[in-house]
Every structure is written in C-alpha cells, then in structure tokens.
Amino acid sequence: MITLITFVQHCREKKLCQRQQEEMFLLRKNLYSAYGLTHSWSIPDGYDTGIKVYNCVTKKKEALVLRNKHIFTWYSCGPTVYDSSHVGHASCYVKLDIIQRIIEGYFKHNLISVMNITDIDDKIVKKSNDMNCSYKDIAEKYEQEFWTDMDDLGVKKPDIIPRVTEYMDLIISFIRRLEENGLAYKAEDGSVYFHVQDIKNYGKLQNISKTTKEQKSKIKQSDMDFALWKSTKEQGDPSWESPWGRGRPGWHIECSALASHFLGSNIDVHAGGIDLRFPHHENEEAQSCAFHNTNQWVNYWLHTGHLQVNHSEKMSKSLKNTVSIQEMLRETSSEVFRMACIMSHYQSHMEYSKNLFTTAENVYRTFSNFINSCDNYSAGHLKAKVSSDVLNAYLIKSIDEVHRSFCDNFDTPSVLKTLNELVSLTNSMLYSTASSDDRSGLISVLAVKNFFLSTMGVMGLGFEEKNSVSKNYSDVMDILNSFRQEMRVIGIANKNVDILNQCDRVRKEVEKCGIFIKDHGRTSSWNI
C-alpha cells in the first residue's frame with residue numbers, strides 16, 4: 001500500500017504532457033481497483049474543454065471533460081424558501097453565476113442549468129405554523145423574494161426550475177427503486193432510510209471512516225443512514241400519500257430525483273456551497289449512484305467558499321449573524337458586490353467587511369475611469385503619446401494570461417491582476433507628460449478597451465452602460481470643458497490668479513454633480 005501511495009504521489013507531482021497524463025490516470029485507476037480502494041474518480045469519456053477544475057475526490061485539479069461536446073449539463077442546489085436570503089447565499093450564487101457566464105461567454109459552451117426550489121421542509125412547516133398560514137404562502141413569498149434578490153444581483157435564472165411539491169410522484173418512484181434494490185428500508189418510526197453501509201464508495205467527497213458508518217442508532221440500522229421519506233408526525237402537517245404511509249421527502253432525495261429526471265444518469269457539474277459537500281452532496285451521490293447502478297453520477301463537484309464575518313464565523317441564520325441581500329444593496333451596489341466576488345476565488349472564503357467593499361469599489365471606479373479615459377482619447381480630448389508597439393505586445397501577453405487564468409479553475413483574481421496591469425500601462429501612456437497630436441495609437445487603445453470590456457463582460461460586469469450619457473449632455477460638457485481649458489491656458493500664461501481660481505471653482509461645482517474634470521498640464525478631460 002505504501003508503494004502504491006508513493007507511486008500515485010509521484011505521478012501527481014510530475015509535469016506530464018496530455019497523453020502521458022491520460023496514460024498515468026488509467027494506470028492509477030487500475031491500481032486503485034486492484035487494491036480495492038473505492039474512493040476513486042474516473043475521467044469521463046468525451047470532449048476535453050481545456051479547463052482544469054478542482055476535484056474534491058482526487059483532491060487536485062483535473063481536466064474538465066464533457067460527455068457531449070455540444071451540451072454542458074449543470075445542476076445547482078437551490079434555496080429552501082422559508083426566510084429571506086442573506087449575503088452568504090448571494091456570494092454563493094453570484095460566484096456560480098460568474099463561472100457559468102465564463103463557460104458560456106468565454107468558452108462558448110452550450111450550458112443547460114437546472115436548480116431546484118425546496119418548497120416543503122421542516123423549517124417551512126414550522127414557520128407556517130408560527131404565522132398561522134399555509135406552507136404554500138410561505139414558500140411562494142420567499143421564492144418570489146429570492147428571485148427578486150437574484151435579479152438585483154444580476155444572477156441569470158436557470159433554464160429549468162423544478163419545485164419539490166410539483167414532482168412528488170417522481171420522488172416517491174425514486175425511493176421505491178432504492179427499496180426494491182435492497183438499499184432502503186422502513187424503520188419503526190415509519191420513515192424510510194437509505195442503507196449507507198451497503199455503499200462501498202460512500203465518503204468519497206469527504207472521507208468517512210468505516211467505524212463511523214457502522215455506528216448504531218436506536219431507530220436506524222446505522223447512525224449514518226439518512227431519511228429518504230419522513231413520516232408525518234403531527235396531524236395537520238402537509239403530507240403526501242406513499243407506499244410507506246403519509247409523509248414528505250427527505251432533503252437529499254429531492255435533488256437526486258429532480259437532477260436525475262432532467263439531466264440523466266451522469267451529470268457534468270453539480271454545484272453549491274462548501275457546507276453542502278457533506279452530508280448533502282455526499283448523500284446525493286451515494287443514492288444516485290445506487291439508483292442508476294453506476295460508480296459516478298456527477299463528474300465534477302464545484303463548491304464555493306463561505307462568506308465569513310468577524311474573520312472566522314460563517315454567515316448563517318443559525319448563528320444569527322446574517323445581513324439580508326436587500327440590506328447589503330442599500331449600502332453598496334450589485335456591481336461592487338460582484339467585483340468583490342471576482343476578486344475572491346470561488347473556492348476561497350470571503351470576509352464580509354467594510355474594507356472588502358471599499359477595495360472593490362475602488363477597483364470598480366478605477367476601471368470605470370479607465371473606460372472614460374479611452375473614450376476621451378478617442379474623442380481627441382486627451383493629447384497623449386501612445387506607443388502602439390509596446391501596448392500591442394502587452395495586449396497579446398494579457399490575452400494569453402487571461403486565457404490561462406480562466407482555464408486554471410476559473411481563477412478570476414488572476415484575471416483581475418492581468419487586467420489591472422494592462423489598465424495601468426495604458427493609463428501611463430494616456431496621462432504621460434508628453435503631449436502629442438499623433439493619433440497612430442488610437443487603434444491600440446481601442447483594442448485594449450474592447451478586450452477589457454469583453455473580459456469583464458463575460459464575468460457579468462459592464463461599464464459602458466454605466467458611463468453612458470445622452471448626446472446633448474456630452475456635447476454640453478465638451479463645450480464647458482473646452483471653454484474652461486482655454487481660460488486656464490490664459491490664466492497660466494498671464495499668471496492671473498483670479499482666472500485660475502474661477503477654473504477651480506467650476507471644477508469643484510461640477511464635481512458635486514458627479515462629473516470629474518482632470519487637468520493634465522495645458523489640457524483637461526472629464527468623466528462621470
């Protein structure tokens with residue numbers, strides 16, 4: 001066993017070509033099988049996208065291979081709609097939205113996404129009892145609120161949105177097959193449980209010891225067994241007829257049944273927050289593999305990091321430290337929040353703090369001003385000496401670096417770093433002390449601007465719309481800026497302090513309207 005582990009580690013550390021990597025993977029797979037190790041992962045047969053993603057089974061980055069080159073299947077765990085969504089939920093869904101947009105907008109894959117809505121749950125029932133209203137009223141209210149929040153955050157809606165209560169017959173049929181295959185049993189409490197001990201591959205997403213799996217329970221055969229169907233305990237609680245009596249489905253079975261119904265026996269990507277990896281995703285994988293008689297239901301599990309408060313606490317309702325999405329949006333914009341999510345790798349934890357939003361807002365403003373500077377240069381308001389050769393070479397380098405970063409587990413912080421360096425170089429030319437009427441650099445500047453906008457656009461951030469003003473408004477500002485500039489030149493030439501003070505007064509007054517005039521020697525520019 002030591003020899004095997006050493007050999008596998010050696011294979012991981014070597015930098016091999018694609019063919020060698022594939023051969024090593026097949027060898028490793030056969031070795032795992034020969035030694036009876038079940039926590040292995042099989043690379044799918046199909047189309048290699050050129051992307052590498054972190055694999056929580058192998059604990060390293062693996063090639064993202066699609067079963068069908070023309071269809072990319074994606075399932076996300078949706079909300080349990082019993083209360084308002086908070087910023088922790090927002091960070092998860094915005095980060096997943098960024099990844100999906102990169103897949104669709106940058107890599108041009110035909111992504112089909114499904115996300116469930118859990119509209120029946122113990123928490124929903126409790127809230128409906130506390131408020132003396134129907135569980136349906138609670139679910140509908142908070143689902144509508146959830147979609148409003150997602151729309152305000154710029155998160156695209158999934159292609160398919162199944163609600164649990166609309167597919168109860170499907171869920172019951174899923175459980176019945178597991179029972180017929182001897183992997184589910186009805187316990188003394190009337191509920192149906194999944195028999196974890198019969199699943200040799202259980203714990204592949206998050207290692208679970210054999211001892212833990214065999215721990216006995218008073219009701220269940222093992223403490224690790226989880227509910228597929230929960231018998232109704234209180235009279236009057238919402239329930240459905242089933243072969244095991246009235247009740248409602250367990251949490252994990254809902255996602256397995258709905259995802260399998262729409263996406264089949266093998267799914268490309270299943271995504272959610274890191275807190276869902278165990279037990280939710282582990283249980284989903286176990287029961288779905290058993291249902292489909294396969295060793296691998298999901299090929300790639302993607303998990304986003306926690307949103308933390310007070311440097312270490314996870315933002316959650318149980319800790320009573322949540323901030324609602326609408327509360328957050330009263331303090332900052334959805335664009336700034338998305339920028340904060342782009343600045344943080346999707347797997348990393350993100351600290352909810354004033355410093356985070358201040359930094360994100362500064363980055364957003366810097367980029368927004370850069371677009372205005374490019375437009376001012378294009379309109380002739382900036383007389384700058386631009387070296388096309390230098391800028392073109394750096395643009396080519398930046399395009400390559402951005403591509404590598406997107407391919408490397410959707411490394412958005414590295415993408416931002418590359419764009420920031422490109423923006424800094426371009427700004428240094430646009431605002432250099434050397435003034436020039438030479439317009440040969442215009443094409444290079446516009447090429448940088450277009451690349452910047454397209455790259456940020458595929459991550460869901462636009463700038464042109466935010467910076468757009470009416471034609472008349474823009475013309476008036478051009479006239480005012482030109483007149484003020486001419487007065488400054490006269491004031492500087494004649495050392496007339498009164499004229500220069502008046503020019504400063506105009507600059508300060510328009511700043512109150514959100515318009516910033518910048519002086520560059522004997523020239524001036526303006527931006528929103």
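Here are some friendly exercises, with worked solutions, on the predicted model shown above.

**Exercise 1. Getting an overview**

Task: Find how many helices and strands the protein chain has, and what share of its residues is buried.

Solution:
- Step 1. Count the elements: there are 18 helices and 15 strands in the protein chain.
- Step 2. Look at burial: of the 528 residues in the protein chain, 49% are buried.
- Step 3. Turn to the contacts with a separation of 6 or more: 73% of them in the protein chain are between residues 24 or more positions apart.

**Exercise 2. How confident is the predictor?**

Task: State the mean pLDDT of the protein chain, then find where pLDDT stays under 50.

Solution:
- Step 1. The protein chain has a mean pLDDT of 89, and 89% of its residues reach 70 or more.
- Step 2. Residues 1-16 stay under 50 in pLDDT; the model has 18 contacts for them beyond four places in sequence.
- Step 3. Residues 466-471 also have a pLDDT below 50, and this stretch has nine contacts in the model beyond near neighbours in sequence.

**Exercise 3. One face of helix α6**

Task: Work out which residues of α6 are buried and how they are arranged around its axis.

Solution:
- Step 1. Start with the length: α6 covers residues 168-180, which is 13 residues, and its first and last C-alpha lie 18 Å apart, close to the 18 Å expected at 1.5 Å a residue.
- Step 2. List the buried residues of α6: M168, I171, I172, F174, I175 and L178.
- Step 3. Look down the axis of α6: these buried residues fall within an arc of 155 degrees, so they line one face of the helix.
- Step 4. Recall a general rule: an α-helix has 3.6 residues a turn, so residues three or four places apart point the same way.
- Step 5. Check the other side: the exposed residues D169 and E180 are on the face of α6 turned away from its buried side.
- Step 6. Ask what covers the buried residues of α6: among the elements are the strands β5 (184-186), β6 (192-194), β7 (226-231) and β8 (247-249), together with the helices α8 (251-263) and α9 (277-292).
- Step 7. Follow the chain onward: just after α6, G182 has a positive phi of about 80 degrees.

**Exercise 4. Two helices that pack**

Task: Decide whether α3 and α11 are roughly parallel or roughly perpendicular to each other.

Solution:
- Step 1. Find the angle: α3 (residues 87-106) packs with α11 (residues 334-343) at about 70 degrees, and their axes are 10 Å apart.
- Step 2. Apply the cut-off: angles of 65 to 115 degrees count as roughly perpendicular, so α3 and α11 are roughly perpendicular to each other.
- Step 3. See who meets whom: residues of α3 including V87, A90, V94 and R101 meet F337, R338, C341 and I342 in α11.

**Exercise 5. Backbone surprises**

Task: Of K108 and N409, say which is buried and which is exposed.

Solution:
- Step 1. Place K108: this residue is in the loop between α3 and β4 (111-115), and its phi is near 60 degrees, a positive value in a residue other than glycine.
- Step 2. Place N409: this residue is in the loop between α13 (388-407) and α14 (412-430). N409 is not a glycine either, and its phi is positive, about 60 degrees.
- Step 3. Check accessibility: K108 has a relative accessible area of 64%, which means it is exposed. N409 has 2%, so it is buried.
- Step 4. Look at one more backbone feature: F278 and P279 are joined by a cis peptide bond, with omega about 10 degrees. P279 lies in helix α9.

**Exercise 6. Helix α15 and two buried residues**

Task: Compare the span of α15 with the expected span, then find what S128 touches.

Solution:
- Step 1. Helix α15 (residues 442-458) has 17 residues; at 1.5 Å a residue they should span 24 Å, and the end C-alpha atoms are 24 Å apart, which agrees.
- Step 2. Among the buried residues of α15 are L442, V445, F451, F452 and K449.
- Step 3. Just after α15, G460 has a positive phi of about 90 degrees.
- Step 4. S128 is in helix α4 (residues 122-131) and counts as buried at 5% relative accessibility.
- Step 5. Leaving out residues up to four places away in sequence, S128 touches C133, S134, Y135 and I138.
- Step 6. I208, in the loop between β6 and α7 (210-213), is buried, with a relative accessible area of 16%.

Methods. Residues are numbered from 1 along each chain as its sequence is written. This is a predicted model: local features need pLDDT of at least 70, side-chain atom pairs count only at pLDDT 80 or more; totals for chains, interfaces and linings use all residues. Side-chain values use heavy atoms; hydrogens and water are left out. pLDDT is the predictor's confidence in each residue, from 0 to 100. Contact means heavy atoms within 4.5 Å. Helices (H or I, at least four residues) and strands (E, at least two) are DSSP runs, numbered from the N terminus. The expected span of a helix is 1.5 Å times one less than its number of residues. Buried means under 20% relative accessible area, exposed over 50%, partly exposed in between (1.4 Å probe, protein chains only). The arc is that of the directions from the helix axis to the C-beta atoms. Axes are lines fitted to C-alpha atoms, for helices over the stretch in contact, and angles run from 0 to 180 degrees between N-to-C directions. Angles under 35 degrees count as roughly parallel, over 145 as roughly antiparallel, 65 to 115 as roughly perpendicular and the rest as oblique.
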